[in-house]
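Open the model in your viewer and keep the selection box at hand. We will go from stop to stop, choosing residues and looking at what surrounds them.

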Amino acid sequence: MSELRFIKAVCANVLKNNWPLLSHAPISTLFTPSNVTQILHQLSSQTSLSWAFFNWADSLPHYSHSLEPNWAMVHLLTENNQFEMAQELLEKFTLKSMICSPLVLGPLLKSYPSTSGQVLNWLVIYYSKCSLSNDALKVFDEMKSHGLKPDSYACNALLIALAKDKNIHTAWKVFDEIVELGIVLNIHIYNSLLYICFKSNDLNKARELVSEMEKNGVLLNAASYNNLVMLLCNKGLNRQALSLLYKMKGKGFNPDIITFNFLINGFCKERRIEEAVKLLKEINGGISPNEFTYETLIRGYCRVKDYEAAIGLFNEMKTKGLYPDLLTYNFIISEFCNLGKMERANELLDEMFERKIKPDFITIKPLINAYFEAGDLDSVLKIKNNRELKLHIVTYKQLIEGFCEAEKLDVAKETLLHMIDEGRSPTYSTVSFLVDCFCSQNKTDEILAISEKIQKKDHNVCKALYTALILSLCKRGLINNAQKVLDEMLSKEVYGNCSYAVMTFAYIKEGKTDEALKVLNEMVEKKMDISEKTFRFIKAEFIGDSDALKQLRVYAKERGLIAKKARRLMTKKWFCS
């Protein structure tokens, strides 16, 4: 059967509602995007039938609509004033195709000249609403190149999308093109321009626009005032913004909640909390405070250290079915911990888990601090072992240092190993703190005992542990012990430039030149060097030992051990002072 006969036969059966026949193989396997598009055109005089066929074809297991039949159906619906259905279909396939590309869109436009303008307006609006301003701009440009004039709704949507993306220069360029196209500048386009001014913080331009609106007889509406109030707040001109808000209300316009929030936030930043609360009480006219309103005020109260009022607002917002964000939970949990109300703090932590809000290290920090201060190590361990919490490296540091200060060195050591098992690499300062605590109690062997475990998990942490141990022993004058640690380090093939440098410095400081040179010669053999970072590290750790540092510099320079970047450091006067 020829393609033409097949198309005619299908149309005849569609007119008879003979869907079962069309659904049987081999007929159902013969449909292609090309012949489906032609069938749609043959049925175009009866929109309901073409729409029914379009949906039926889409249900076939061996067939899927490509861009061609989708585009045809959108235009057929538009021709027959089925605008809502056409828009829904357009939005359904738009993001799945590269329709905004000129190479794709250009040929499509030639097929449907009468409806292309309307469809492309929808396309600009849809891309803009999806925050795809670049794609919307491509369609806008394609419309111009084909002599199609965008409508004010499409222009408005595009300008706002560009402003939201902070593509301010392009937004003003598009506006100039809108003027050239002769599109009437109505209140909606002017409001888009005021929104651009708000996003770019351009108060002078906004004032020019307001003057132009008045000159052209375009009256400001609620959206105009909202944009201006938000802009004034952004500029820190909160009193002017408040004055404009009252002027707006005097003209019968109700500010939206976003405008109120901007003003409340502005006053809270200035610590003018009473004025912010007064505004909260003025919110009416069918709008209600939202989460951001309460969160802003709660943080405002915390800024002025009125924690009782902050907690009161926190409870009030929850009675209204509003729930705070992570930052607000953190504020309130911290305050409960400061007040010693640990039960309430933990209730909020449980509430966060229920609401799928992940606590961060700022949430956990005050809880751990409070428990350590109270000597409640069991509660600290519960936090450490809570599998719902993904502990941050800052939290691990807090735990390790807290356990060390509580003289629970074994628990601190286990926490370090647990941290490494979880794939978190501790900082040098964390490792150093732990090592110092063990060394202060003459438990060097216990630290060395875990080095092998650490080496298998994280080689860099292992190097840091040896460096910290050598440094701690050298500071205590136990230089022979430090040398033993360096020897063990080498036996395990853990090579650390910093460890060698510290060891050398310690020998020089003790007047043991031969031993110092021996270590440096080993560095030469192993092709090591001393970096700028290492020199800075030694200078910071051994304050007041500039003579030994100068000597280290001389010996290292003679042997070519100074890294290139560190050579520049040697020229600075403060280095050896």
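Begin by selecting Gly217, which sits in the loop between α13 (203–215) and α14 (222–234). Helices here are DSSP runs of H or I with at least four residues, strands are runs of E with at least two, and both are numbered from the N terminus. Gly217 counts as exposed because its relative accessibility is 56%. On this tour, buried means under 20% relative accessible area, exposed means over 50%, and partly exposed is in between, with a 1.4 Å probe and protein chains only. Now add Asn442 to the selection: Gly217 and Asn442 are 225 residues apart in sequence, and their C-alpha atoms are 86 Å apart in space.

Before the next stop, a word on what is on screen. This is a predicted model, in which local features need pLDDT of at least 70 and side-chain atom pairs count only at pLDDT 80 or more, while totals for chains, interfaces and linings use all residues. Residues are numbered from 1 along each chain as its sequence is written, and side-chain values use heavy atoms, leaving out hydrogens and water.

**Three buried stops**

Select Ile183 in the loop between α11 and α12 (187–200). With a relative accessible area of 10%, Ile183 is buried. What is Ile183 in contact with, leaving aside its neighbours within four places in sequence? Show Lys149, Pro150, Cys155, Ile178 and Ile189 to see these partners; contact means heavy atoms within 4.5 Å. For a longer view, pick Lys8 too: its C-alpha atom is separated from that of Ile183 by 45 Å, and the two residues are 175 apart along the chain.

Next, go to Thr170 in helix α11 (residues 168–180). Thr170 counts as buried, since its relative accessibility is 17%. Not counting residues up to four places away in sequence, Thr170 touches Leu137 and Leu162.

The third of these stops is Asn261, in helix α16. Asn261 has 6% relative accessibility and so counts as buried. Display Asn290, Phe292 and Thr293 as well, as they are in contact with Asn261 once its neighbours within four places in sequence are left aside.

**Charged pairs**

Side chains of opposite charge can pair when their charged atoms come close. A salt bridge is a side-chain nitrogen of Lys or Arg within 4 Å of a carboxyl oxygen of Asp or Glu. How many salt bridges does this rule give? The count comes to 20.

Select Arg272 and Glu270 to see one of them, with N to O at 2.3 Å. Arg272 counts as buried at 19% relative accessibility, whereas Glu270 is partly exposed at 33%. Extend the selection to Arg239 and Glu275, and you have a network of salt bridges linking Arg239, Glu270, Arg272 and Glu275.

Move on to Lys318 and Glu351, a salt bridge whose closest N and O atoms are 2.8 Å apart. This pair links distant parts of the chain, with Lys318 in helix α19 (residues 307–319) and Glu351 in helix α21 (residues 342–354), 33 residues apart. Is Glu351 buried or exposed? At 15% relative accessibility, Glu351 is buried.

Then select Lys475 and Glu541, where the closest N and O atoms of the salt bridge are 2.5 Å apart. Lys475 belongs to helix α28 (residues 459–475) and Glu541 to helix α32 (residues 532–541), so this bridge ties together parts that are 66 residues apart in sequence. Lys475 is partly exposed, with a relative accessible area of 44%, and Glu541 is also partly exposed, at 27%.

**Two positive phi angles**

Jump to Asn81 in the loop between α5 (67–79) and α6 (83–94). Asn81 is not a glycine, yet it has a positive phi of about 60°. A relative accessible area of 56% makes Asn81 exposed.

Finish at Lys356, in the loop between α21 and α22 (361–374). Its phi is near 60°, a positive value in a residue other than glycine. Lys356 is exposed, with a relative accessible area of 73%.
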